[in-house]
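Student: I would like to learn how to read a structure of this kind feature by feature. Could we go through it together, with the general idea before each case?

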Amino acid sequence: MSARYPFTAVVGMADLRLALLLNAVSPAVGGVLVRGEKGTAKSTAVRALAELLPPVPVVAGCRFSCDPASPDPGCPDGPHDAAPAAERSARMVELPVGASEDRLVGALDFEKALAEGVKAFEPGLLAAAHRGILYVDEVNLLSDHLIDHLLDAAAMGSSHVEREGVSVRHAARFLLVGTMNPEEGELRPQLLDRFGLTVEVAASREPAQRVEVVRRRLAFEDDPDAFAARWADEESALRARIVAARERLPRVVLGDAALLQIAATCAAFEVDGMRADIVMARTATALAAWADRTEVDSEDVRQAALLALPHRRRRNPFDAPGLDEDKLDETLERFKGEEPQGDPDDEPEPDGPGDGGPDGGPGGGVPPQGEGPDAVPQGPADGPAPEAPAPDAPAPDSPASAPAPAARETGAESGPDSGAGSGERAAVAAAEPFRTKVLSVPGLGEGAAGRRSRARTEQGRTTGSVRPRGALTKLHLTATVRAAAPHQRARGRSGPGLVLRRDDLRQATREGREGNLVLFAVDASGSMAARRRMSAVKGAVLSLLLDAYQRRDKVGLVTFRGRDAEVALPPTSSVDAAAARLEQLPTGGRTPLSAGLLKAHDVLRIERLRDPSRRPLLVVVTDGRATGGGADPVALAARAARLHAAEGIASVVVDCETGPVRLGLARELARELGGTAVTLEELRADAIAGLVRDVQGARPARAGRAGQTAHTIRRAA
């Protein structure tokens with residue numbers, strides 16, 4: 001086996017290296033999530049960490065790595081009374097994105113279990129990672145059912161496998177390390193909260209540092225063993241420092257003053273729950289041990305906040321993680337040298353919701369999220385002050401007395417609001433997003449696991465049984481017994497056991513939910529340019545993007561205006577990227593509706609080749625006017641719509657036409673698409689429930705309580 005790239009040879013990446021080393025010193029910190037663009041040595045650094053970890057004492061022959069000093073009494077390989085001890089190197093187990101559930105949690109030999117009553121269990125990756133590192137590259141692309149198993153194991157420190165009356169439990173405590181590229185989609189909040197620390201990495205813009213990265217990488221690829229040998233002394237010194245910091249860790253004092261700063265910081269940034277406070281306390285303690293000190297100081301608390309809080313401040317998937325360092329310094333300075341006052345158990349509860357105090361959600365179970373900075377500079381925790389409403393001329397098809405909404409604008413407007421040849425107008429801000437109900441594709445699919453449309457999946461309710469084509473993963477017990485029962489006499493059955501053959505086994509078929517490709521085709525022509533209308537349109541699309549994020553869909557964005565259509569965003573799992581493109585969308589020009597539909601058809605055709613099992617849902621956002629694209633734009637648009645209808649693509653048209661007089665062009669477009677139409681007003685709140693039926697039927701914590709918070713942290717840490 002060739003040598004791995006040495007940890008000490010990684011150039012730059014100070015925050016990443018520190019976060020990994022702190023987890024090596026104190027695994028209780030809870031792991032690291034590494035976010036960054038591709039090609040930034042995220043995976044290289046994580047894989048190199050395993051070589052620095054001290055050896056692990058284990059019970060000899062135990063497949064579950066029990067500690068000889070305190071073996072697991074429920075270990076499937078136990079009991080381990082007087083079992084000999086052994087020592088092995090720390091493991092780093094990699095969980096592939098495409099791994100099966102059986103590969104993760106382990107598999108049972110159903111034939112032996114039913115015929116002989118023996119728990120023949122083959123351990124999975126969770127068992128292999130016990131007392132080591134579980135590494136997930138591209139963790140944001142992991143399937144939902146695998147994430148559920150990871151969450152359970154991370155929360156309980158054990159893995160349970162229960163199938164058809166056969167139950168196995170084993171310990172599964174591991175250091176969870178994940179890497180991800182945010183451009184490919186965000187993580188579910190529940191999994192995001194399980195990572196103790198998070199770091200952002202990016203390639204250096206310094207030419208000298210980039211030269212050194214290339215020089216070292218080429219030298220390693222030429223001769224890995226020789227390169228590793230040149231860094232052996234640095235690796236040994238770092239390994240010794242980790243061991244010394246681990247030995248020092250129990251002697252580190254986390255004083256009341258530092259605890260108060262931790263609690264005040266989490267309260268000031270309005271972090272949900274108590275997990276952030278506890279992780280900060282453990283991280284600050286590890287920082288002091290790493291720095292060869294026995295007491296936590298304010299700088300430790302500050303560094304711990306920068307590592308532990310950014311990913312816990314997200315309030316929705318369109319917020320970027322981050323932390324206002326000026327506010328952090330102000331909070332730490334305010335509470336520097338203070339100590340919690342009084343007995344927190346005697347403190348009266350606040351009289352109302354306006355009083356300070358930790359959030360009322362259940363600690364640890366609710367995923368902490370936060371309000372991260374987006375494209376504007378970071379501001380106070382409560383967000384920037386709202387801008388004053390800009391004056392707006394009334395659109396021809398909207399009431400003249402309607403007030404203009406607040407919207408950020410850059411540049412002046414020109415031309416009429418709905419003229420066929422109006423010039424380009426600056427992008428307007430989206431209206432406030434709202435919660436929607438599910439838009440699902442009719443029929444039964446077989447796509448990637450998700451939460452939108454009905455599909456045959458590995459998870460869900462059992463609907464029938466089939467003969468297994470390969471390894472049996474989901475036993476249908478009743479069907480198996482029914483298949484074996486007629487042959488028991490011929491097979492010479494004489495005892496209580498059931499005589500089984502391979503041909504008797506039946507695989508359960510299950511129905512769950514799949515993720516879809518939601519492709520938005522958005523009209524950005526002059527007829528949509530009234531700021532009030534476009535702001536509402538963007539708010540509606542943003543709401544559907546938020547729904548797509550929650551349902552694990554891929555999304556794409558096609559826009560059309562002027563003379564042509566363009567793919568603003570190819571299909572991706574990153575809904576925040578789609579939201580960013582939507583925010584920057586300008587308006588103006590004619591309405592090449594046929595070009596938009598044809599471009600959407602091309603996108604869906606190409607995506608069908610890449611991912612044939614993922615079914616599409618086309619959402620066309622337009623007022624239905626067709627004023628560009630040929631001599632007869634209306635006929636061309638109808639012909640393009642019939643292409644989608646002929647291929648059975650589920651579609652919905654969001655009718656953006658407003659005013660007392662409406663032409664009904666969007667509804668005519670929906671009829672040509674074989675889909676349904678809904679007005680912009682019907683997209684709000686509960687009104688969207690009618691749209692769901694139509695689509696499916698179209699085809700057969702505050703600083704004032706910091707003392708009490710610090711008391712809670714001390715108990716948990």
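**Reading the model step by step**

Tutor: Let us begin with a single residue and its surroundings: threonine 179 lies in strand β10, which covers residues 175-180. Please keep in mind throughout that this is a predicted model.

Student: Is threonine 179 buried or exposed?

Tutor: The relative accessible area is the value to consult, and residues under 20% count as buried. Threonine 179 has a relative accessible area of 1%, and it is therefore buried. Its surroundings can be listed as well: leaving aside neighbours within four places in sequence, threonine 179 is in contact with Val34, Lys42, Ser43, Val46, Tyr135, Val136, Asp137, Glu138, Val139 and Asn140.

Student: Turning to the whole protein, how many helices and strands are there, and what percentage of the residues count as buried?

Tutor: The protein has 22 helices and 20 strands, and of its 717 residues 51% count as buried. As for the surface, the protein exposes about 32400 Å², of which carbon and sulfur atoms supply 51%.

Student: How should I read the packing of two helices?

Tutor: Two packed helices are described by the angle between their axes and by the distance between those axes. In this model, helix α1 (residues 14-25) and helix α2 (residues 42-49) pack at an angle of about 25 degrees, and their axes are 11 Å apart. Angles under 35 degrees count as roughly parallel, and α1 and α2 are therefore roughly parallel to each other. The crossing in which α1 passes α2 is right-handed.

Student: Which residues of α1 and α2 make the contact?

Tutor: On the α1 side the contact is made by Leu16, Leu20 and Ala24, and on the α2 side by Ala45, Val46 and Leu49. Sorted by class, this contact of α1 with α2 has 6 nonpolar residues, no polar and no charged ones. Val46 of α2 has come up before, since it is also listed among the contacts of threonine 179.

Student: At what angle do α11 and α14 pack?

Tutor: Helix α11 (residues 256-268) and helix α14 (residues 325-334) pack at an angle of about 140 degrees, with 9 Å between their axes. That angle makes α11 oblique to α14, given that the label roughly antiparallel is kept for angles over 145 degrees. Here too the crossing is right-handed, with α11 passing α14. The residues that meet are Gln261, Ala264, Thr265 and Ala268 in α11, and Lys327, Leu328, Thr331 and Leu332 in α14. By class, the contact of α11 with α14 has 4 nonpolar, 3 polar and 1 charged residues.

Student: What should I look for in the backbone itself?

Tutor: Peptide bonds and phi angles are both worth checking. The peptide bond from glycine 78 to proline 79 is cis, with omega near 0 degrees, and proline 79 lies in the loop between β2 (56-59) and β3 (85-88).

Student: Where does methionine 13 lie, and what is its phi?

Tutor: Methionine 13 lies in the segment before α1, and although it is not a glycine it has a positive phi of about 55 degrees. At 18% relative accessibility, methionine 13 counts as buried. A further case is glutamate 270, a residue other than glycine whose phi is positive and near 55 degrees. Glutamate 270 is found in the loop between α11 and α12 (275-290), and with a relative accessible area of 14% it is buried.

Student: How do I read places that are separated along the chain but can be compared in space?

Tutor: For this one sets the separation in sequence beside the C-alpha distance. Histidine 160, in strand β8 (residues 158-163), is 54 residues from glycine 106 in sequence and 9.6 Å from it in space, C-alpha to C-alpha. Histidine 160 is partly exposed, at a relative accessible area of 37%, and it touches Val168 and Arg169, not counting residues up to four places away in sequence.

Student: Which residue is 190 residues from valine 243 in sequence?

Tutor: That residue is leucine 53, and the C-alpha atoms of valine 243 and leucine 53 are 8.4 Å apart. Valine 243 has its place in helix α10 (residues 232-248) and, at 31% relative accessibility, counts as partly exposed. Finally, alanine 429 lies in the loop between α14 and β12 (449-457) and counts as buried at 11% relative accessibility; its C-alpha atom is separated by 8.4 Å from that of glutamine 584, 155 residues apart along the chain.

Note on methods. Residues numbered from 1 in each chain as written. Predicted model: local features only at pLDDT ≥ 70, side-chain atom pairs only at ≥ 80, totals over all residues. Heavy atoms only, no water. Axes fitted to C-alpha atoms, helices over the stretch in contact; angles between N-to-C directions. Helix = DSSP H or I, 4+ residues; strand = E, 2+ residues; numbered from the N terminus. Parallel < 35°, antiparallel > 145°, perpendicular 65-115°, else oblique. Left-handed = near helix turned anticlockwise from the far one by under 90°. Contact = heavy atoms within 4.5 Å. Nonpolar A, V, L, I, M, F, W, Y, C, P; charged D, E, K, R; others polar. Buried < 20%, exposed > 50% of the residue type's maximum accessible area, 1.4 Å probe, protein only. Areas by Shrake-Rupley, 256 points an atom, 1.4 Å probe, with all protein chains shown as cover.
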